[in-house]
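Student: I am new to this structure. Could you show me how to read it?

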Number of protein chains: 2
Amino acid sequence: MTATTPTPSPEAEWLRLDRQICFSLHAASRAFNSVYRVILKDLGLTYPQYLVMLVLWEQGDLPVKKLGEHLRLDSGTLSPLLKRLEAAGLVHRERSARDERSVEVRLTQQGAALKERALEVPRRIVSATGFDVDEIRDLKARLDQLTGTLDAAASEEGTN
Amino acid sequence: MTATTPTPSPEAEWLRLDRQICFSLHAASRAFNSVYRVILKDLGLTYPQYLVMLVLWEQGDLPVKKLGEHLRLDSGTLSPLLKRLEAAGLVHRERSARDERSVEVRLTQQGAALKERALEVPRRIVSATGFDVDEIRDLKARLDQLTGTLDAAASEEGTN
DNA sequence: GGTCATTTAGTTGTGCACAATTAAATCGTG
DNA sequence: CACGATTTAATTGTGCACAACTAAATGACC
């Protein structure tokens, strides 16, 4: 065995760099989540529930499948989440008449009305980031690029 | 003032912008997680477990409290996670003799040995991002700045 | 028309994040 | 020393993410 040298090996350096990167993203995601938690508490929504409502407000009624495509979430995540939104009276779920495999998610009147109260959320979030709109746009572009590359890499690794 | 036009109101535009930002970060975080899941499967670690191991490899044995400070995680998350690492034979938990409130987390020989096999992980992760080291460093800096501002905002909002 | 593959939701089980609470040990102060 | 405040883990409960599986409906092909 070699004695432990004060100067770390190049690979050990990589381990540290790795920790810094993955940790930074992990931390940023949780920090965002935490801010949303505080701001959304008044609306009675969690962050993922808010994402679902945003899609419905923007796109109108959708089957669970389409909702999952927009959010990249599967039924294992959406089914219980939608049940909670239904229990809260914000959405209604109904088997499609045309295709009974499909379940249509519709906003209730209460769910549609909640949009008014949600209008102030984005301003508060953007304000909390301390970034201006251009910086946010730039960061978003990089993150999207990163996600695209990572998704491709994940499916390649998966086929090994 | 203008009547409601087919062009969405400024606030509705913000709702969409907001969805794009928060969603991008959320998606990037999950995409990263997904790549780590594939790469770490061989080591029998999840992504948060890997983070814990990285800290232990870098810092040596630590009490749960210190571990939580490094990772910004509380005992509600760490306790069950550490139990699983202990069940896998990678760490050992022991009440400190000096202060019996504290639990010392120590790497087992097996846990320390796992570092060797983990050395190749960072290279594969960095490769999967498609970014070079400078781009990663830049992204990390932005994310850290974002996290810092968000954390401050969360505690301010919390005191309202 | 009958059979098989596909599509779509839902269920189950595992693991993480976090708030709230509990319990035990320690520390500070009189 | 005694008492109250603080520190530290653990536990409990809720919710999200995802893999693996089930079930039901649909569609395609012979």
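Tutor: We will take the DNA strands, then the aromatic rings, then the contact between the chains.

Tutor: First, the ground rules. This is a predicted model, where local features need pLDDT of at least 70, side-chain atom pairs count only at pLDDT 80 or more, and totals for chains, interfaces and linings use all residues. Residues are numbered from 1 along each chain as its sequence is written, chains are lettered from A and ligands numbered from 1 in the order in which they are written, and side-chain values use heavy atoms, with hydrogens and water left out.

Student: Which residues come nearest to DNA strand D?

Tutor: A residue is near a strand if one of its heavy atoms lies within 4 Å of it. DNA strand D has 28 residues around it, and A:R84, B:H26, B:K65, B:S75 and B:K83 come nearest. On the DNA side, 79% of the atoms of strand D within 4 Å of the protein belong to sugar or phosphate, and the rest to bases.

Student: What kinds of residues make up the surface near DNA strand D?

Tutor: Sort them by class: Ala, Val, Leu, Ile, Met, Phe, Trp, Tyr, Cys and Pro are nonpolar, Asp, Glu, Lys and Arg are charged, and the others, Gly among them, are polar. Here 13 are charged, nine polar and six nonpolar.

Student: Which atom of A:T46 lies 2.9 Å from a phosphate oxygen of DNA strand D?

Tutor: Look for polar contacts, pairs of N or O atoms within 3.5 Å (within protein, one must be able to donate a hydrogen and the other to accept it, and residues adjacent in sequence count only if both atoms are side-chain atoms). For A:T46, a polar side-chain atom lies at that 2.9 Å. B:V64 uses a backbone N or O atom, 3.2 Å from a phosphate oxygen of strand D. B:R101 reaches a base instead: a side-chain N or O atom is 3.4 Å from a base oxygen of strand D.

Student: And which residues come nearest to DNA strand C?

Tutor: Among the 28 residues around strand C, the nearest are A:H26, A:K65, A:S75, B:T77 and B:R84. Sugar and phosphate make up 77% of the strand C atoms that come within 4 Å of the protein. Polar side-chain atoms of A:R30 and B:T46 each lie 3.0 Å from a phosphate oxygen of strand C. A polar backbone atom of B:G76 is 3.4 Å from a base nitrogen of strand C.

Student: How many aromatic pairs does the structure hold?

Tutor: Rings of Phe, Tyr and Trp (its six-membered ring) pair if their centres lie within 6.5 Å; planes under 30 degrees apart are stacked, over 60 edge-to-face, and the rest tilted. There are six pairs over all chains. The ring centres of B:F32 and B:Y36 are 5.9 Å apart with planes at 25°, so this pair is stacked. B:Y36 and B:Y50 form a tilted pair, 5.6 Å centre to centre with 40° between the planes. In chain A, one aromatic cluster joins A:F32, A:Y36, A:Y47 and A:Y50.

Student: Are B:F32 and B:Y36 buried or exposed?

Tutor: Buried means under 20% relative accessible area, exposed over 50%, and partly exposed in between (1.4 Å probe, protein chains only). Both are buried. B:Y50 is buried too, at 0% relative accessibility.

Student: How many residues does the contact take from chain A and chain B?

Tutor: Contact means heavy atoms within 4.5 Å. It takes 67 residues from chain A and 67 from chain B. Buried area is the accessible area (1.4 Å probe) that two parts lose on being put together, summed over both. The two chains bury about 6600 Å² between them, 71% of it on carbon and sulfur atoms.
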